[in-house]
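Visitor: I am new to this structure and would like a close look at a single part of it. Could you pick one helix, walk me around it, and then show me how its surroundings compare with other spots along the chain?

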Amino acid sequence: MACIEILFRISDKFTATSRHYVDRLFDPDPQNVLQGVIDMKNAVIGNNKQKANLIVLGAVPRLLYLLQQSSSSLELRTECAVVLGSLAMGTENNIKSLVDCHIIPALLQGLLCSDLIFIEACLRCLRTIFISPVTPVQLLYTDPTVIPHIMSLLSRSQHTQEYITQIFAHCCKVAHPTCTCGHPSNHKMVATPEHQMVLFNHGAIQNIAPLLISPSYKVRMQALKCFSVLAYENAQVSMTLVNVLVDGEQLSQVFARMMQRDKPIEMQLTAAKCLTYMCRAGAIRTDDNCIILKTLPCLVRMCSKERLLEERVEGAETLAFLMEPDIELQRIASVTDHLVSMLADYFKYPSSVSAITDIKRLDHDLKHAHELRQAAFKLYASLGSNDEDIRKKITETENMMDRIVSGLSESSIKVRLAAVRCLHSLSRSVQQLRTSFHDHAVWKPLMKLLQNAPDEVLVMASSTLCNLLLEFSPSKEPILESGVIELLCSLTQSDSPALRVNGIWALMNMAFQADQKVKVEIVRALGTEQLFRLLSDPDTNVLMKTLGLLRNLLSTRPHIDQIMSSHGKQIMQAVTLILEGEHSIEVKEQTLCILANIADGNTAKELIMTNDDMLQKIKYYMGHSNVKLQLAATFCISNLIWNEEDGSQERQDKLREMGFVDILHKLTQASDPSLCDRAKTAMQQYLA
C-alpha cells in the first residue's frame, strides 16, 4: 500500500508540474510567457510522459494561439513552433492530438512569414508531423496555393531544402489499401498518382534536381528519396527525369554515381530505387548499362548478410520489382554473386552465432525477421517467373520447398502472401509440378489457405491451384478427392473478377479430359443458373474461361450427348446470345468451337440441325472477314456432315439446300492454307 501511495504522490507532483507549465502560457507579461515556453521546451525533450501530460492539460491550443498572433514576438512564435515540434516527436497519439487541434493549417500559415528562422521552425514541425503514418497527407493539398509557396521556399536555406523534400516524399503516399494488419505504423506506403502530379505540375523536378549536388548530405539524400517516390509507377515523371540535366550531367548518370560502393548504403539503395522505378515505367531500357551493370549489381549487394535487416529487405523487394517482367534480368540476377543461395540465409536469421552485439538491434531484428522471409519469397517468385533452369535452381536450394510450405501457414499475412506468390511462380513449371510439388504435397497447405484468407491471398492461392489442376499434375487427383469443387464454385460467385476468373479457370482445368462423374459433379455444384450467369459476366476473362469450361465439359461424345440432353436448350440459348452480341473475335471463336463440339455428338448435333437460325449464324461466320471465325464455323459444318455417322445423308442434303456447299467450294480457294484444307476436308464428305 505504501508503494502505491508513493507512486500516486509522484504522479500528482508530475501533473502539478505540467499544469504549472501550461499556466505560465497565460501570464499577462509576454516576457514571462516566452520564458515559460522555453522552460517547457527544455522539460519535454526526451520525456514522453511530460509531452502527453501537457497535451491533455491543453497546452497545444494555447501554443497555437500564441504562434498565430501577430502581436507575439518572432522569438515567442519560433519557440512555440519548436515546442510543438518536440510534442510531435512523441507517440502517434500525440500526433493525432496535434492534428485534431488544426496544427497543420496554423503552421502552413506561418510559412507566409518572412523570417527564415521562424519558417525553418514551422517546416521542421511540419516535417515531424507528416512523416508520421497517422497524419492525413491530404491536408497539404487542401489549399492550392500551399504547394507553390512551399516550392518557392526551397531556395531559402539548406534546412528548408531538407525539410521540404522530406515533406514532399511523405506527402506523396498513402497506406496500401490491401494492408490487413490493422495497425497504421505497419502499413506499406505507396505513391499516389494524384499527389505525384500535383508536385510534378508545380515544378518539383526542376526545383529539386539541383539539390542532388548540394554540399549537404541530408539535402542530397532527401532530394533522392523525393525522386524515388515521384517516379514510382509514374511514366510521365520518369520520362521527364530521364531528360533532366544536373550541372550538365544526365540525371540517370547522377543516380548511377550515387550507387558507387564508396557511397553510404542509404544513398546507394535509394538511387537504385530511382533507376528501378524509371526502368519499370519505361523511361530506361532493361538492357541499358545503368540497369545491368549498376542498378542490378547494387541491389544484389544489398541482399548480402553483411547488410542490416531493413537494407536486405528493401534490396530484395526492389530487385524483385525491377526483374519482374524481364527474363534477361532474371537470368543475369540468378548468376550474380550466388544470389539464389544467398537468399537462403534470409530464412536462418538471426542465427545462434549472430554477429549482432547490440541488444536493441537484436531485439528489433527478432521482431522483424519475418520481413526477411517475406522479401526472400518475393525475390524467388520474381526470379523464377519465366526460366525453367532458375526454377530448378530455386527448388534445389536447401529445404526450399519445406520453407514455402511453412510460409503458407505463418502468422504474418504478408509472409503467407509472399510464400504463395513464390509457389505460384514455381507452379508454372511442368517439371516442378511433377516432382517437388508432388513430393511435398504442397496442395494440402494451399487448400487450407483457401479456406479463410483475405482476397489478395485468395487470388494468388486460387491462381496456383489452377496450375496444380492441370492434367499432367500428380496433385490433381488428391485435390479432386478433397472436395475442392464446392470451394471453386463458391469463388465464381465472388465480387472480385480475379477470384471469379480463377474459380472458373480451375474448374476448366479440372474438366479437361475428366471422366463423366467429375463433369457431372461440376455441373451439379455450379448449377446451370450460375453457369449461364457467368456466360453473361461483364468481365471478358470470366466469359472466356467459362466458355473454356463449357468446351471441356462438352468433349467426348457420350459426355456431349448427356450434358446436351439435360441442358441443351439453355446452352444453345447462351451460344445464340454470344454470337449475336458485341463480343471480341476470341469470345466468338471459342463459342463456335463449343458449337463444333456439340456438332460432334451423336444425338446433340440434332439441336443444331433443327435450329435454322443457328445454321444461318454458322453460315454467316463461314463468310466472315476473320479467318479464325471462318475456321471454327467450317469445322462445325464438317462435324455435322461427317459421312461415317447415322443420318449424315439427310444432314448433307439439308445443308446443300441452304447453300453451304457453295460456301465450302468458295473456301477451298481461300488464301489461308488451314481454312482451305478444312473446307476441302468438308467437301470430301459430299464426294465420298
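Guide: Here is a walk around one helix, followed by a few stops elsewhere. Please keep in mind that this is a predicted model.

Let us begin with helix α41, which covers residues 660–667. Phe660, Val661, Ile663, Leu664 and Leu667 are its buried residues. Looking down the axis of α41, you would find these buried residues within an arc of 160°, so they line one face of the helix. Turn to the other side of α41 and you meet Asp662 and Lys666, which are exposed. What does the buried face of α41 pack against? Its partners are α38 (612–622), α39 (627–640), α40 (648–657) and α42 (673–687).

Two of those partners are also joined by a pair of charged side chains. Lys654 and Asp612 meet in a salt bridge, with 2.9 Å from N to O. Lys654 belongs to helix α40 and Asp612 to helix α38, so the pair ties together parts that are 42 residues apart in sequence. Lys654 is partly exposed, at 27% relative accessible area, and Asp612 is partly exposed too, at 41%. As a rule, side chains of opposite charge can pair when their charged atoms come close.

For another kind of pairing, go to helix α33 (residues 528–534), where Arg533 and Glu529 sit four residues apart, about one turn of the helix. In general, an α-helix has 3.6 residues a turn, so residues three or four places apart point the same way. The side chains of Arg533 and Glu529 form a salt bridge of 3.5 Å, N to O. Arg533 is partly exposed at 48% relative accessibility, whereas Glu529 is exposed, with 63%.

There are other salt bridges to find, as a search of the whole structure gives 28. One of them joins the side chains of Arg257 and Glu249, at 2.5 Å from N to O. Arg257 has 32% relative accessibility and counts as partly exposed; Glu249, with 26%, is partly exposed as well. Elsewhere, Glu328, Arg331 and Asp387 are linked in a network of salt bridges.

For a buried residue in another helix, visit Thr165 in α10 (residues 158–170). Thr165 has a relative accessible area of 0% and is buried. Setting aside neighbours within four places in sequence, Thr165 touches Leu154, Ile208, Leu211, Gln222, Ala223 and Cys226.

The loops deserve a stop as well. Asp247 is found in the loop between β3 (245–246) and β4 (249–250). Although Asp247 is not a glycine, its phi is positive, about 55°. Asp247 is exposed, with a relative accessible area of 70%. Asp337 likewise has a positive phi, near 50°, in a residue other than glycine. Its place is the loop between α19 (327–334) and α20 (339–342), and Asp337 is partly exposed at 44%.

Lastly, an unreviewed UniProt entry carries the annotation "repeat: ARM" for residues 58–94 and 526–568. In the model, residues 58–94 are 76% helix and 0% strand, with the end C-alpha atoms 12 Å apart. Residues 526–568 are 79% helix and 0% strand, and their end C-alpha atoms lie 16 Å apart.

Note on methods:
Residues numbered from 1 in each chain as written. Predicted model: local features only at pLDDT ≥ 70, side-chain atom pairs only at ≥ 80, totals over all residues. Heavy atoms only, no water. Buried < 20%, exposed > 50% of the residue type's maximum accessible area, 1.4 Å probe, protein only. Helix = DSSP H or I, 4+ residues; strand = E, 2+ residues; numbered from the N terminus. Arc of directions from axis to C-beta. Contact = heavy atoms within 4.5 Å. UniProt positions renumbered as here; feature names shortened; annotations may be inferred. Salt bridge = Lys/Arg side-chain N within 4 Å of Asp/Glu carboxyl O.
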